[in-house]
Number of protein chains: 2
Amino acid sequence: MSRAIESARALVGRPWQELDTPALLVDLDRLEANIRQMAAVARDNGLALRPHFKTHKSVAIARRQIVAGAIGMTVAKLDEAEVLVDAGVGDILLANQIVAEPKLGRAMALAARARLTLAVDSREGAAALSGAATAVGLRIPVAIEIDSGLRRCGVLPGDAVGLARAIADLPGIALEGVFTHAGHAYGARDREQLAQFAVGEAGAVVEAASALRGLGIPVRTVSVGSTPTAELVAGRPGITELRPGTYVFYDAMQVALGSAHADAVALTVAATVVSRPAPERAVIDAGAKTLGLDKGVHSSELIVGHGRLAEGDGVLERISEEHGMLRIPADSPLAPGDRVRVVPNHACSVGNLGRFFVGLRDGVVAEVITIDAAGGVH
Amino acid sequence: MSRAIESARALVGRPWQELDTPALLVDLDRLEANIRQMAAVARDNGLALRPHFKTHKSVAIARRQIVAGAIGMTVAKLDEAEVLVDAGVGDILLANQIVAEPKLGRAMALAARARLTLAVDSREGAAALSGAATAVGLRIPVAIEIDSGLRRCGVLPGDAVGLARAIADLPGIALEGVFTHAGHAYGARDREQLAQFAVGEAGAVVEAASALRGLGIPVRTVSVGSTPTAELVAGRPGITELRPGTYVFYDAMQVALGSAHADAVALTVAATVVSRPAPERAVIDAGAKTLGLDKGVHSSELIVGHGRLAEGDGVLERISEEHGMLRIPADSPLAPGDRVRVVPNHACSVGNLGRFFVGLRDGVVAEVITIDAAGGVH
């Protein structure tokens, strides 16, 4: 792996076409524009921005987000939080449930070094966090996860009060607020339905927050998140925080959902044509182990194929582990050895499969950005 | 990452339930039985066995396969070959096309250190290999890839002669034989169709080999591969080599295809229940970034859900990146903090997403097996 990173670093100043493939290319101008744009959405609506680290898992990109105005980061799991705390990031929401050892101990070790807010959606979970925090003499901020329609984790809005009372009775934890993730928005068939999901997303957390405040329970943070709903939900009353992730890169799914124009997509996958066995078929060296198999995170049917060429006509009609089968026009000049760039369906899967991004300016290698927490680990 | 490996190593001698999750568990008794069984299939049919490394990407498991009788390994890409050559494995088939720099140079560096057979399916590819080998004064064995129905890379059997003649005219490369991969067999609807695919797989390479030999061109290796077809194809006349990969672990797809009984599956994913938000739903901490999104590699429709519990009733009905939504009976006792094991749909995706396997004997941690070439890299 270090071999591959060193080879990429040796190409700073050279055109991307000289990179070995597959390679994950990031257009730095687009990345920075996307980061600025979402920071402006948050600022213009008076909201805190806490971007999700899971998309890029790269400390170097998280730093850019924080410099642009983010108050801290959201993570999906402990190894992501550990990487960020090691890098000096001081304010992290772990938007997932930590309910058992050894994760409780790892979370407490982090909470001693940074402001780590943990999620709860059950009394057992709250009791587990309370026990772990009390054992090490800490008082940990916790946020109640609200289910706004995804039907994953989280309590329904009407059940937040009961859980908040349980939290109030427990030592070692203190209620910070409520949060939700409207992941079902990825299944929206059009912008109108997406807007409805955004209304529901905001409505669920605001309902929960209002019920808590009505009982005199302070709720400092009312947090929503997801790139497709971010701009739609940002102006809803009662929200205090946005947690989008994919916006740094965007991808074919986001373009299909209308979250971004195609020319905002910052992440592409460089590949080499390895075979042209038939007029309508070229095979590239990027398959499911590079691009993932996402056709839409949850239930989106807006995506055709496994990715498409960034330039020219070509769709990845099929992929196997290390091959991508491009359907191309019979008169396409693509031949073995040619380099192409693919717009992936889902950026978060691509980053998780990779080890580093290659940052480009005007198609020239400018920097190598390590992916610091990739892979299916804890 | 080293933290996670060290934590797992510290649990040698302890029950798997004490591991942090998600964790990739390998039942070592089953692994070794699967390795022995496939070695016996090859031996009983007078065939060489060259297992595919891509499934586990682990030197420690490759060594077990070679000790059990494999003549060398098959790999999908150069970084896998580099890992194996670094570990002293001396005979490798790279079953993919190397057509351009910098891969040509990397391949030649390896070919100077080990017997590396490279694949060709075009005159441009053959010329590229010839040029690279000649430049460094090497003579490289090459194998013609035959398309036996997958419609990925490869020439049709009738086109092998033309390509072989082109190879014969080029310095620096020498024809070793022909090979094919019947990946379309994963789309078989039943055993009968699978057997037909195996007949076609063998038929395609034997046809090509016969045509070459008829012209006086020596063909030493006639190689077929894939776990579903391995036992069906092994007895076909004219075959010399088998290249299955997934058989070390098997998985839900292989069980659905009838390649293995459920009690041969050696790889499971340990996860923790993090939420029980509804009677029929438990959420675990293993999602698409651990299990992959495979529902069948190519077009299999034999799989329901994204994995199922190894013990008890539960199917992963939906997964998001770090969550798995288990559909369970309403009276299931599963509660936050409980450990479960999931049988994955596709073992090769799981290994590629992981960083290490935890080898178990009778449910007790026995060894930690690093995954030496994981990820979407080159």
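What follows is a conversation between a colleague and a modeller about a predicted model with chains A and B.

Colleague: Let's start with the whole chain. What makes the radius of gyration of chain A agree with that of a compact globule?

Modeller: The rule takes 2.2 Å times the number of residues to the power 0.38. For 378 residues that comes out near 21 Å, and chain A has 22 Å, so the two agree. Along the principal axes, the C-alpha atoms of chain A fill a box of roughly 70 × 45 × 35 Å. Buried residues account for 62% of chain A, and the chain holds 12 helices and 17 strands.

Colleague: Which domains does chain A have, and how far apart are their centres?

Modeller: The assignment gives domain 1 as 2–26 + 259–370 and domain 2 as 28–249. Taken over C-alpha atoms, the centres of the two domains of chain A are 31 Å apart. Each domain gives 22 residues to the contact between them. On the side of domain 1, helix 12 (347–353), strand 16 (356–361) and strand 17 (364–370) of chain A each supply at least two residues. That side of domain 1 has 12 nonpolar, 9 polar and 1 charged residues.

Colleague: Now the sheet. Why are strand 2 and strand 3 of chain A said to stand at the edges?

Modeller: The open sheet has 8 strands in the order 2-9-8-7-6-5-4-3, with parallel pairing. Strand 2 (48–49) and strand 3 (73–75) of chain A each have a single partner strand, so one side of each is left without a neighbour in the sheet.

Colleague: And how do you know that strand 6 and strand 7 of chain A pair?

Modeller: Pairing takes at least two bridges. Strand 6 (residues 140–145) and strand 7 (residues 173–179) of chain A have 6 bridges, in the parallel sense. You can find A:Ala143 opposite A:Gly177 of strand 7.

Colleague: Which residues of helix 3 of chain A are buried, and what covers them?

Modeller: In helix 3 (residues 59–67) of chain A, the buried residues are A:Val59, A:Ile61, A:Ala62, A:Arg64, A:Gln65 and A:Ile66. A residue is called buried if 20 or more other C-beta atoms lie within 10 Å of its own. The cover includes helix 2 (28–44), strand 3, helix 4 (78–86) and strand 17 of chain A. Just after helix 3, A:Gly69 takes a positive phi of about 130°.

Colleague: Let's move to chain B. What makes you say that both faces of strand 11 of chain B are covered?

Modeller: Look at the two sides of strand 11 (residues 281–284) of chain B in turn. B:Arg281 and B:Val283 are buried on one side, and B:Ala282 and B:Ile284 are buried on the other. Strand 11 of chain B also pairs antiparallel with strand 10 over 3 bridges, including the one between B:Val273 and B:Ile284. A hairpin of 2 residues joins strand 10 to strand 11 of chain B. With strand 14 (residues 324–327) of chain B, strand 11 forms 4 bridges in the antiparallel sense, and B:Val283 has B:Met325 as its bridge partner there.

Colleague: Why is strand 4 of chain B called mostly covered?

Modeller: Of its 7 residues, 6 are buried. Strand 4 of chain B pairs with strand 3 (residues 73–75) of chain B in the parallel sense over 3 bridges, and B:Met73 is the bridge partner of B:Ile92.

Colleague: How do you know that the two copies are related as by a two-fold rotation axis?

Modeller: A turn of 180° and a shift of 0.0 Å along the axis lay chain B on chain A with an RMSD of 0.0 Å. The copies are thus related as by a two-fold rotation axis. In chain B, the C-alpha nearest that axis belongs to B:Leu293, at 2.9 Å.

Colleague: And why do you say that the copies meet through the same surface?

Modeller: Of the interface residues of chain B, 100% are also interface residues in chain A, so the surface is the same. Each chain puts 55 residues into the contact. On the side of chain B, the largest share, 4 residues, comes from strand 10. By class, that side of chain B has 21 nonpolar, 21 polar and 13 charged residues.

Notes
Residues numbered from 1 in each chain as written. Chains lettered and ligands numbered in written order. Predicted model: local features only at pLDDT ≥ 70, side-chain atom pairs only at ≥ 80, totals over all residues. Contact = placed C-beta atoms within 7 Å. Nonpolar A, V, L, I, M, F, W, Y, C, P; charged D, E, K, R; others polar. Least-squares fit on C-alpha atoms with pLDDT ≥ 70 in both. Domains from an automatic or database assignment. Buried ≥ 20, exposed ≤ 12 C-beta atoms within 10 Å, placed from the backbone.
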